[in-house]
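Here are a few short exercises to help you find your way around. Try each task with the viewer open before you read its solution.

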Amino acid sequence: MPKHGMSFGEAIAAIKAGEKVCREGWNGKGMFIYYVPAAKYPASGNTLGTMKGRYPDDLVPYREYIAMKTAQDDVVAWTASQSDVLSDDWQIAEETAVPVPEKKIKYCGFDMGMSPEDPLNQRVDYKITFDDGSETTVAKYLDSTDASPAYMVNMAIGRTLDQFKKILGV
């Protein structure tokens, strides 16, 4: 597969093989497109709850699509223009350092008890299982402004440990 001067068809074959591609004339630094295979995401990932309870496993199926990593370092669904389809200036995107992805929380539960130091404070131990199977516990003492632990468990799913701790305020 050529690294430069590819047709759109060759670019599609490249992304389906796991490559990132871009057009020679794209101005944004680090922009490229890539293939996203069909899969499912947890309904709890939508904070509005739009799809919650709609599927038996609460996993929302989505179809394959092409995504673009933008110059602003976020990702959007991408649709080719006529110029994109007819161009022969597609190329394999230059490799950049890729950060190691953090583990995501797959399951979260909690136990509640009283603080040994202050019996008026309730302590919540959030029992966390990550997507790689590893586990940890995060302790939080509740005050009157905290959300219920049951609500916080739902907020944990799909987030990193640091993101969840930030939400908890620990």
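## Exercise 1: Getting to know K104

Start with K104, which sits in the loop between β7 (90-92) and β8. Keep in mind that you're looking at a predicted model.

**Task.** Work out whether K104 is buried, partly exposed or exposed, and list what K104 touches beyond four places away in sequence.

**Solution.**
- Step 1: take the relative accessible area of K104, which is 35%.
- Step 2: compare that with the cut-offs, where buried means under 20% and exposed means over 50%. K104 is therefore partly exposed.
- Step 3: look around the side chain and backbone. Leaving out residues up to four places away in sequence, K104 touches T129, F130, D131, G158, R159 and T160.
- Step 4: for a sense of distance, pick T50. K104 and T50 are 54 residues apart in sequence, and their C-alpha atoms are 22 Å apart in space.

## Exercise 2: D84 and its partner

**Task.** Find which side chain makes a polar contact with the side chain of D84, and say whether D84 and R23 are buried or exposed.

**Solution.**
- Step 1: locate the two residues. D84 is in helix α2 (residues 82-86), while R23 belongs to strand β1 (residues 21-23).
- Step 2: check the side chains. Those of D84 and R23 make a polar contact at 2.9 Å.
- Step 3: check accessibility. D84 has 8% relative accessibility, so D84 counts as buried. R23 has 15%, so R23 counts as buried too.
- Step 4: fill in the surroundings, again skipping residues up to four places away in sequence. D84 touches F8, R23, W26, W78 and W90. The list for R23 is S83, D84, S87, D89, W90 and Q91.

## Exercise 3: Reading a sheet

**Task.** Give the strand order of the sheet that contains β8, and name its edge strands.

**Solution.**
- Step 1: trace the strands. Three of them form an open sheet in the order β8-β9-β10, with antiparallel pairing.
- Step 2: find the edges. β8 and β10 each pair on one side only, which makes them the edge strands.
- Step 3: look at the twist. Ignoring direction, neighbouring strands here are turned by 20° against each other on average.
- Step 4: zoom in on one pair. β8 and β9 are joined antiparallel over nine bridges, and G113 stands opposite R123 in β9.
- Step 5: add the helix. α3 packs on the sheet and touches β8 and β9, and its direction makes about 160° with that of β8.

## Exercise 4: The two sides of α4

**Task.** Which residues of helix α4 (residues 161-168) are buried, and why do they line one face?

**Solution.**
- Step 1: pick out the buried residues, which are L161, F164 and L168.
- Step 2: look down the axis of α4. Its buried residues fall within an arc of 65°, so they line one face of the helix.
- Step 3: turn to the face pointing away from the buried side, which carries the exposed residues D162 and K166.
- Step 4: see what covers the buried residues. The cover includes β8 (105-114), β9 (122-130), β10 (135-141) and α3 (149-156).
- Step 5: move on to the largest nonpolar core. Of its 14 residues, I105, C108, Y126, I128, F164 and L168 touch the most other members. β8, β9, α3 and α4 each supply at least two residues of this core.

Notes: Residues are numbered from 1 along each chain as its sequence is written. This is a predicted model: local features need pLDDT of at least 70, side-chain atom pairs count only at pLDDT 80 or more; totals for chains, interfaces and linings use all residues. Side-chain values use heavy atoms; hydrogens and water are left out. Helices (H or I, at least four residues) and strands (E, at least two) are DSSP runs, numbered from the N terminus. Buried means under 20% relative accessible area, exposed over 50%, partly exposed in between (1.4 Å probe, protein chains only). A polar contact is a pair of N or O atoms within 3.5 Å; within protein, one must be able to donate a hydrogen and the other to accept it, and residues adjacent in sequence count only if both atoms are side-chain atoms. Contact means heavy atoms within 4.5 Å. The arc is that of the directions from the helix axis to the C-beta atoms. A nonpolar core is a set of buried Ala, Val, Leu, Ile, Met, Phe, Trp, Tyr and Cys residues joined through side-chain atoms within 4.5 Å. Two strands pair if DSSP finds at least two bridges between them. Axes are lines fitted to C-alpha atoms, for helices over the stretch in contact, and angles run from 0 to 180 degrees between N-to-C directions.
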